[in-house]
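Hi,

Here is the structure I said I would pass on. Have a look at it first, and then read my notes below.

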Amino acid sequence: MTVTDSQKMAYVAAQAADARVNLQFETEDGMTLNMGPQHPATHGTLRIVAQLDGEQVVRCEPIPGYMHRGYEKLCEVRTYPQVTTLINRIDWLGSFANEVPFILAAEKLMDVEAPPRAQVIRTILFELSRLGNISLFLGDLGIQLGGITIGFYAFRDREFVLNQIEAATGGRFHPNFDRIGGLKDDLPKGWIAETHRAMDRMRRLCDEFEELVLGNEIFQARTRGIGVIPADIATSYGMSGANLRATGVDWDLRRDACPPGLSYDLADWKVWTHPDGDSYARTWVRLQEVRESTHIVDQLLDSIPAGPIMAKVPRIIKVPEGEAWVATENPLGEMGYYVVSKGDLVPFRVKIRSASFNNISVVPWVTRGVFVPDVITIMASLYFILGDIDR
Amino acid sequence: MSELIFAIELAYWQQTLIKVLVAAVLIPTTALILGIVFLFKMMSWMQSRMGPQEAGPRGLLQLAADGLKFLQKEDIIPDRADRFVFKAAPVVVLASTFLTYVILPAGPDLIIENLPTGIFFAMAVSSLSVVGVLMAGWSSSNKYALMGGLRAGGQLIAYELPLILAVMGVVIQAGSLSMQDIVWAQADGSMFGFGGLGLPFVITQIVAFFIFMVAIQAELTQPPFDMPVAESEVVGGFHVEYTGFRFLFFFLGEFATAFAFAAIAATLFLGGWWVPGIDPNSALANIVGPIALFVKIMVVAFLIFWFRFTYPRFREDQLQRFAWKYLIPLALANITITGILVVVL
Amino acid sequence: MIRLSSADTPTTDAADEAVETVTDERREALLARITEVLGDAVVQSHIRPGDDLWVRVTREAWADVADASRNRLGLRFFDFLSAIDWLPSPFGRDMDAQEDLDADAAAAEPAPIVTGYAGGDTRFQLLARVFDVDEHIGVTFKADLPDEDLSAPTWTRTFLGAEWHERETWEMFGISFTGNANLAHLYLPGAFEGNPLRKDFPLLARRVKPWPGIVDVEPMPGAGDEGDSDEGGAS
């Protein structure tokens with residue numbers, strides 16, 4: 001089978017798959033609405049097929065896979081240091097946070113621990129990528145609900161965070177900065193003061209968001225009571241992160257099951273939950289999460305210990321045989337890597353557990369009987385990154 | 001108020017020609033002005049960004065450049081579209097806008113046609129646009145367009161009623177449906193015996209003004225009532241399949257209608273072309289009038305666009321509830337009170 | 001701070017050791033409860049102190065495991081469900097990174113299947129993880145799947161979120177789940193043939209073009225004298 005043939009076949013197969021889904025929905029009553037793969041509300045190529053009765057959703061199913069890149073397979077042919085380049089692209093808004101659990105899993109298998117300085121800086125960068133990610137959520141939610149102004153504010157202030165990530169790592173979006181046993185480089189001069197300033201900006205953005213969006217009556221009317229997910233449904237679907245905390249489950253991997261290699265215990269911070277489980281609660285929890293995150297960064301910046309940035313690791317990294325599961329509280333929720341090593345240069349199997357995959361699988365359940373605009377609200381408030389679903 | 005333009009007596013065909021030319025130039029210009037001033041400049045400043053910078057001085061020609069770009073674009077009609085209706089829809093929308101301009105007075109003599117039922121005519125023709133929108137939504141053979149069209153239909157019908165009821169208050173107070181008479185009524189009015197400032201109806205009809213502003217926001221399908229064209233929900237709604245100059249028609253229609261409604265609001269509530277201190281009967285009023293009207297229009301348009309850039313969007317059912325449960329009863333109460341007061345005083 | 005030792009060497013840090021003994025007990029207790037609830041279904045288990053717990057169960061009890069976890073053991077949070085293909089890659093080292101390429105190691109006979117923690121008898125193993133959000137403790141379940149019948153009872157009756165995971169496992173490994181009515185393709189196009197995450201499924205991108213190219217120079221269109229470079233150019 002030549003490559004051109006396989007491409008042709010893949011195209012035909014994709015067409016057939018589309019036709020199958022359409023057929024399945026069209027045979028029933030009502031109208032089928034295809035949102036995506038190219039739709040402004042899906043920021044990515046998620047496809048949502050909704051069967052409508054008027055504007056009311058009878059049934060709604062997300063169809064991922066338009067951007068599936070097969071990372072689990074590709075990881076099996078990359079050496080451990082090469083894998084971070086790939087997994088950077090899973091949640092492309094908080095790239096650094098993707099690298100961390102994988103690196104921690106490899107460190108766990110190798111029984112290496114990064115020096116304290118590297119751990120603290122790693123945690124700071126982890127939180128910065130959370131800020132870069134969730135600040136975009138705050139803006140995006142406004143855009144999805146029609147208030148575009150907050151979107152520009154969010155983009156404006158997010159720039160300060162991205163600048164800091166860029167200054168430290170050299171990459172705005174895909175730092176590829178985390179190494180087994182430490183970090184690639186130390187911080188540049190003046191970075192700490194500059195980051196404090198960026199945190200101030202983020203806190204101001206939070207205040208602005210609270211005034212402009214959260215306190216707005218229209219926004220409340222659009223989000224309160226929309227897309228209510230009770231706690232047992234959330235855990236049953238494996239929803240994580242702010243989506244889970246918005247259902248009242250007090251569960252944050254940073255506090256409750258922080259893997260060794262991240263130093264959240266050095267900072268004094270709080271995990272916020274909300275009892276409602278609706279779109280408003282999810283937004284509120286994320287907003288508080290940004291605030292707490294800025295406080296974590298501020299505290300950690302002032303407590304970076306001196307010392308080396310890299311532990312002693314062999315130049316060619318061979319990971320001993322074993323299995324390791326490491327999950328961290330990523331911006332989108334729990335992200336984990338189940339790494340199986342056979343004592344080789346490459347992982348034997350990497351199972352990537354990404355947050356959005358589970359978070360979005362709840363959509364068919366939660367969108368029954370809502371209106372089309374509510375689907376947008378729910379999707380926006382569940383907050384997914386397509387790369388995090390499709391991997 | 002004869003058909004007198006600067007004391008030159010013209011034949012009917014000459015007058016008609018001038019009026020047509022004025023309208024043909026005026027309407028795209030108004031859309032351009034609103035687009036540049038509010039959509040580009042004010043919006044970017046409110047959102048702390050630069051806005052267009054390159055085309056022309058300070059980017060002021062950006063919209064003209066965009067218009068030229070639209071003209072160059074390929075005219076695409078979907079295969080399964082109802083071709084005639086698809087082509088006719090933007091024309092219907094734009095025609096309704098053009099017709100609204102007929103009764104807008106810019107000075108004691110500067111009016112295209114001083115209809116005795118001016119405001120009634122304006123309300124009637126402005127609702128024509130919903131026909132064009134429904135045509136566009138139906139003929140595009142696109143589900144998003146259909147949803148957008150139906151939303152627009154439901155929304156515009158729901159908001160015609162508060163709009164007209166809000167106008168009724170002014171009409172009762174002025175005692176006439178003619179736009180010119182409404183301006184004169186405000187110019188001749190007095191506040192507690194002091195006639196120097198006249199009596200802009202925004203003072204006595206503040207409730208009607210509020211209802212009118214909300215209703216035209218919905219009528220213009222602007223946020224917070226932009227569900228018919230919400231790009232994150234129905235991807236542009238009824239004009240999703242339109243490209244090139246047909247889309248330009250919708251765009252022009254949207255902003256020219258915004259200008260027309262701002263002008264109606266300025267005339268009904270802010271005194272229109274009339275400026276305190278200038279004798280409305282003098283020839284000077286014909287020169288100052290358009291400027292005064294323009295300034296007032298810009299004030300109203302600022303309000304319209306300010307709401308547009310600030311608020312998130314309602315849901316369709318919430319909008320209907322808002323219209324039927326709050327705005328219409330409020331407007332009816334306003335009419336009742338106005339009527340009683342007019343009779344009593 | 002630098003610790004370079006194999007996994008089974010006890011750590012020297014006293015504080016670490018104290019922590020590990022404590023968490024170890026928690027996992028022992030959890031394992032005891034699991035064994036008590038599931039009975040004979042538990043085949044084998046493994047605890048890495050202070051880290052994680054692996055429990056291998058029988059395939060027949062797979063659905064009961066989910067039910068017991070959620071309703072009786074308090075492991076309410078569904079983390080993920082997937083599978084492992086323990087077959088060593090039949091493509092040898094050419095599927096690995098090129099810097100690992102030994103000249104003589106290319107044509108090796110298939111290595112024996114070696115399974116990981118908690119053992120295993122078959123090539124395919126189901127892998128699932130559940131978590132207790134109150135006690136902050138998790139467990140990884142495994143189940144052997146015989147080659148001639150790659151199927152298992154579904155978890156979707158207990159964990160709604162398992163549906164997508166089972167669909168993914170179905171298309172990636174060819175493992176079907178009895179009781180899951182909606183085993184449709186999730187990622188792959190409908191007519192896709194093969195199960196990409198099986199070890200004997202070749203990674204075509206690697207076949208067409210070696211990675212990483214040490215000398216990454218494409219031959220000029222006219223300069224292709226050798227057959228190999230022609231094939232590479234056609235891609």
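What follows is a run through both chains, and then a few residues.

Before anything else, keep in mind that this is a predicted model.

**Chain A**

Chain A has 16 helices along with eight strands. Its radius of gyration is 21 Å, close to the 21 Å that the globule rule gives for 391 residues, so chain A is as compact as a globular protein of that length. Along the principal axes, its C-alpha trace spans about 65 × 60 × 35 Å.

As for the inside and the outside, 66% of the 391 residues of chain A count as buried. The accessible surface comes to about 12000 Å², and carbon and sulfur atoms account for 55% of that. On the charge side, chain A carries 40 positive and 50 negative charges, with the mean positions of the two sets 5 Å apart. If you take the contacts in chain A between residues at least 6 apart in sequence, 72% of them join residues at least 24 apart.

**Chain B**

Chain B is a helical affair: 13 helices and zero strands. The radius of gyration here is 20 Å, close to the 20 Å from the globule rule for 345 residues, so chain B too is as compact as a globular protein of its length. Its C-alpha atoms fill a box of roughly 65 × 50 × 45 Å along the principal axes.

Of the 345 residues in chain B, 54% count as buried. Its accessible surface is about 14900 Å², with 73% belonging to carbon and sulfur atoms. There are 18 positive and 22 negative side chains in chain B, and the centres of the two sets lie 10 Å apart. For contacts in chain B between residues at least 6 apart in sequence, the share joining residues at least 24 apart is 78%.

**Cysteines**

How many disulfides does a search of the whole structure find? The count is zero over all chains. I also looked at a couple of cysteines in chain A. A:Cys75 has a relative accessible area of 0%, so it falls under the 20% cut-off and is buried. A:Cys258 comes out at 26% relative accessibility and therefore counts as partly exposed, since that class runs from 20% to 50%.

**Two residues to click on**

Start with A:Gln144, which sits in helix H5 (residues 116-144) of chain A. Is A:Gln144 buried or exposed? At 3% relative accessibility, A:Gln144 counts as buried. Leaving out residues up to four places away in sequence, A:Gln144 touches A:Pro40, A:Ala41, A:His43, A:Ile376 and A:Ala380 in chain A, plus B:Ser232 and B:Arg313 in chain B.

Then go to B:Leu110, in the loop between helix H3 (83-101) and helix H4 (118-126) of chain B. With a relative accessible area of 21%, B:Leu110 is partly exposed. What does B:Leu110 touch, not counting residues up to four places away in sequence? The list is B:Leu104, B:Pro105, B:Asn286 and B:Pro290. As for B:Pro290, that residue is 180 residues away from B:Leu110 along the chain, and the two C-alpha atoms are separated by 8.3 Å.

Cheers

Technical notes: Residues numbered from 1 in each chain as written. Chains lettered and ligands numbered in written order. Predicted model: local features only at pLDDT ≥ 70, side-chain atom pairs only at ≥ 80, totals over all residues. Heavy atoms only, no water. Helix = DSSP H or I, 4+ residues; strand = E, 2+ residues; numbered from the N terminus. Rg over C-alpha atoms; globule rule 2.2 N^0.38 Å. Buried < 20%, exposed > 50% of the residue type's maximum accessible area, 1.4 Å probe, protein only. Contact = heavy atoms within 4.5 Å. Areas by Shrake-Rupley, 256 points an atom, 1.4 Å probe, with all protein chains shown as cover. Lys, Arg positive; Asp, Glu negative; His and termini not counted. Charge placed at Lys NZ, Arg CZ, Asp CG, Glu CD. Disulfide = S-S within 2.5 Å.
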